[in-house]
Amino acid sequence: VLLFTIPREGLTDDDTRYIQEEILHEDKASNPSFILCFKKTPKILELSQKQFLGIILIEEDHLKKCVLSSTPLRVFRKDIVIRQIKLSAISPYKTAGPVSVTFYGRQDEIGRVLGKKDSNFAIVGARKIGKTSLLKKIITEIPITTQPIYLDLEAENNYKSFLFSLANKIEEKYDKKVSFVSNLSNLPEIIIQLSRTGKKPVFLFDEFDNLLEVDKKNKYKLLAKFRALAQEEYCQVIISGFRELYFAKMDIKSPLYNFLEFLTLEELRKNNANALISEPMKSIGIEYNNEEDKKIILQHTSCHPNLLQFSCKSLVERIQEKAEKRGNRKIFKKDIDELYESFDYEKYVINEFYMFFTDVDAIERLIILLLLNKYPESDIFTFTEVNELLKANGFNFMTGELTGYLASLSLRYIFSAESGGRFRFALPIFPKILKDRYNLRNLIKEAKEDAKKSI
């Protein structure tokens, strides 16, 4: 950070110009810059109020507080820095990409993976459930006798680009130049060599679905080689994916069968969800006016990590707007209610979280919409009820097909499987938004047409 000291009262125009230019020139506006002054003159105040500069004022009273305190650093952080800094600039919550600071829970999954160094794993779950965050966390705790090789394969759809990326990553991690041939023939030889360096390679392949489709068309040539290498303990394989990976485990012709242990990520446990919405808030000086109000957040998000992140990120932004007027940084029940009644939250759930109109299969979308006719009076439904609804609307599926659609909807975190072969909506706010905000009759009509085309 930059520190400017003002040894006299007041600032000249040259002073303010110099400070502003220094901050912008050093590209420090994303971090706080400190101005140590003994009197808050109008010019200093004017300069500090330019939010894009990120200035923190340290006044005489601030210094006295620090000097007289038994915990000066805590006072400096809590009473000086956090009170002045823009909350959104220090908010640890994020809704896109992997999280680290706000990674909570998943101890069981981490324990299983790290506790079985000779086993191989597939991590499946809905989008935004935290698969990438889990892989990144595993990398930080992996034994020093291994070498993690992480690849994001979301955009990979052919062997050539995959092998190019893999070669680059191996060169980076092992400081060893390698070159794969497109028919994969020298893949085993190279990985065996890596295993003999004293650092066993652990391959973490994220978003594996697209490459899995390619491999399936090529009779699983790639996976077969990794399976053989892993079984000989030359490497360990951990892959993550969504629908394709989930259904591939049931294909007895696939090398995945009896090769990978499958971990399905679901919502967080309540204690971990509660910690996620509490501890990072406290770290940036925000507290709940009533601890009981946190239950509203857990109910509206069903403890899904991404929805918890979105809720907290949004609440931080709302508190920032109201903090000056209120004179405190507290979250009130009214703030939480306003968030869940807002169009922003509804839009996020429908369009970004579920991608309901762009990514959900046409038949799956039809199943959801048909169930809304009796929702919320009937909030639990069975396979038979879904089957009868589809038949009544002119759609007749084999048992295996319909089972697949219901499994896919559960994997997407749209349905939650209950005991006795029953289902319910995993996020109760989702069907409510659809029913309250959209013309259900028109949506069903469009979904029927789309479903017929897809068949």
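## A tour from the core outwards

Start by selecting Ile367, Ile368, Phe415, Phe425 and Phe430: these residues have the most contacts inside the largest nonpolar core, which has 70 residues. Keep in mind as you look around that this is a predicted model.

**Stop 1: Ile367 and its neighbours.** Now select Ile367 alone and show what surrounds this residue. Leaving aside residues up to four places away in sequence, Ile367 touches Val386, Leu390, Leu402, Tyr405, Leu409 and Phe415. Phe415 may look familiar, as Phe415 is also on the list of residues with the most contacts inside the core.

A second core, separate from this one, has 45 residues. To find the second core, select Leu153, Ile170, Tyr174 and Leu256, which are among its members. Remember Leu256, which comes back later in the tour.

**Stop 2: helix H18.** Next, select residues 362-371, which form helix H18. How many of the ten residues of H18 are buried? Ten of the ten are, and the helix is described as mostly covered. The buried residues include Ile367 and Ile368, and also the charged-group residues Glu364 and Arg365.

Then add Asp361, which caps the N-terminal end of H18. Zoom in on the side chain of Asp361: one of its oxygens lies 2.9 Å from the backbone nitrogen of Ile363.

**Stop 3: Ser254.** Move on to the loop between helix H12 (243-248) and strand S8 (261-264), and select Ser254 there. Is Ser254 buried or exposed? Ser254 counts as buried because its relative accessible area is 2%, and the cut-off for buried is under 20%.

Which residues does Ser254 touch, not counting those up to four places away in sequence? They are Tyr220, Arg227 and Ala248. Now show Leu256 too: its backbone nitrogen lies 2.9 Å from a polar atom of the Ser254 side chain. This is the Leu256 that belongs to the second core.

**Stop 4: the whole chain.** Finally, zoom out and colour by secondary structure, and you will have 22 helices and 13 strands in view. The C-alpha trace spans about 80 × 65 × 40 Å along its principal axes. Of the 455 residues in the chain, 49% are buried. Among contacts with a separation of 6 or more, 71% join residues 24 or more positions apart.

Switch to a surface display for a last look. The chain exposes about 23,800 Å², and carbon and sulfur atoms supply 48% of that area. If you colour by charge, there are 70 positive and 64 negative charges to find, and their mean positions are 2 Å apart.

Technical notes. Residues numbered from 1 in each chain as written. Heavy atoms only, no water. Helix = DSSP H or I, 4+ residues; strand = E, 2+ residues; numbered from the N terminus. Buried < 20%, exposed > 50% of the residue type's maximum accessible area, 1.4 Å probe, protein only. Polar contact = N/O pair within 3.5 Å; in protein donor to acceptor, adjacent residues only side chain to side chain. Contact = heavy atoms within 4.5 Å. Areas by Shrake-Rupley, 256 points an atom, 1.4 Å probe, with all protein chains shown as cover. Lys, Arg positive; Asp, Glu negative; His and termini not counted. Charge placed at Lys NZ, Arg CZ, Asp CG, Glu CD. Core = buried A, V, L, I, M, F, W, Y, C linked by side-chain atoms within 4.5 Å.
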